[in-house]
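The following paragraphs offer a guided reading of a single protein model. Please keep the sequence and the coordinates in view while reading.

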Amino acid sequence: AKNYEVSTSSITVNNLDSRLELSYGTVVDLEIQIKGPSEVLSVFSIAKKVSIDLKDYTKPGTYTVPVTVELPAGCSLVNEVSVEVILDEKQEQEE
């Protein structure tokens, strides 16, 4: 297995409600452990492969959201990964 550190700033965010803005909790780096053939993991780049889907999160609040990792063939996550997100209503811009 190989450990990867992914900063929350590099997570791809899908389906964020247009009325909400997102910030992350105290976590700055996610630790993601992947098991698989070492020759595959040695060339695997985790950048841009980590995403969260917020389609079910339409109200302000703090949520623990599962993290999706696009894995190379023959590899799997050692443990499920999730991240804490804080959703706030966007402030209306004053004209």
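The distribution of charge is a convenient place to begin. The protein chain carries 8 positive and 16 negative charges, and the mean positions of these two groups lie 8 Å apart. These values, like those that follow, come from a predicted model.

Which charged side chains meet directly? The structure holds two salt bridges. One of them joins the side chains of R19 and D17, with a nitrogen-to-oxygen distance of 2.8 Å. R19 has a relative accessible area of 56% and is therefore classed as exposed, the cut-off being over 50%. D17, by contrast, has a relative accessibility of 15%, so this residue counts as buried, for which the limit is under 20%. The other salt bridge links the side chains of K55 and D53, where nitrogen and oxygen are 3.5 Å apart. K55 is exposed, at 52% relative accessibility. Its partner D53 is partly exposed, because its relative accessible area of 31% falls between the two cut-offs.

D53 also leads into the secondary structure. Strand β5 comprises residues 50-53 and belongs to an open sheet of three strands, ordered β2-β5-β7 with mixed pairing. The edges of this sheet are formed by β2, residues 12-14, and β7, residues 68-69, each of which pairs on one side only. Between β2 and β5 the pairing is parallel and extends over three bridges. Within this part of the sheet, V13 is placed opposite I52 of β5.

The sheet is one part of a wider arrangement. The protein chain contains nine strands and one helix. Read from the N terminus, the order of elements is β-β-β-β-α-β-β-β-β-β, in which the helix follows four strands and precedes five.

How is the chain as a whole laid out in space? Its C-alpha atoms occupy a box of roughly 55 × 20 × 20 Å along the principal axes. Among contacts between residues at least 6 apart in sequence, 69% join residues at least 24 apart.

The surface completes the description. Of the 95 residues in the protein chain, 29% count as buried, D17 being one of the buried residues. The accessible surface of the chain amounts to about 6,300 Å², and carbon and sulfur atoms account for 46% of this area.

Methods:
Residues are numbered from 1 along each chain as its sequence is written. This is a predicted model: local features need pLDDT of at least 70, side-chain atom pairs count only at pLDDT 80 or more; totals for chains, interfaces and linings use all residues. Side-chain values use heavy atoms; hydrogens and water are left out. Two strands pair if DSSP finds at least two bridges between them. Helices (H or I, at least four residues) and strands (E, at least two) are DSSP runs, numbered from the N terminus. Buried means under 20% relative accessible area, exposed over 50%, partly exposed in between (1.4 Å probe, protein chains only). Contact means heavy atoms within 4.5 Å. Accessible areas come from the Shrake-Rupley method with a 1.4 Å probe; for residues, only the protein chains shown count as cover. Lys and Arg count as positive and Asp and Glu as negative; His and the chain ends are not counted. The place of a charge is taken as NZ of Lys, CZ of Arg, CG of Asp or CD of Glu. A salt bridge is a side-chain nitrogen of Lys or Arg within 4 Å of a carboxyl oxygen of Asp or Glu.
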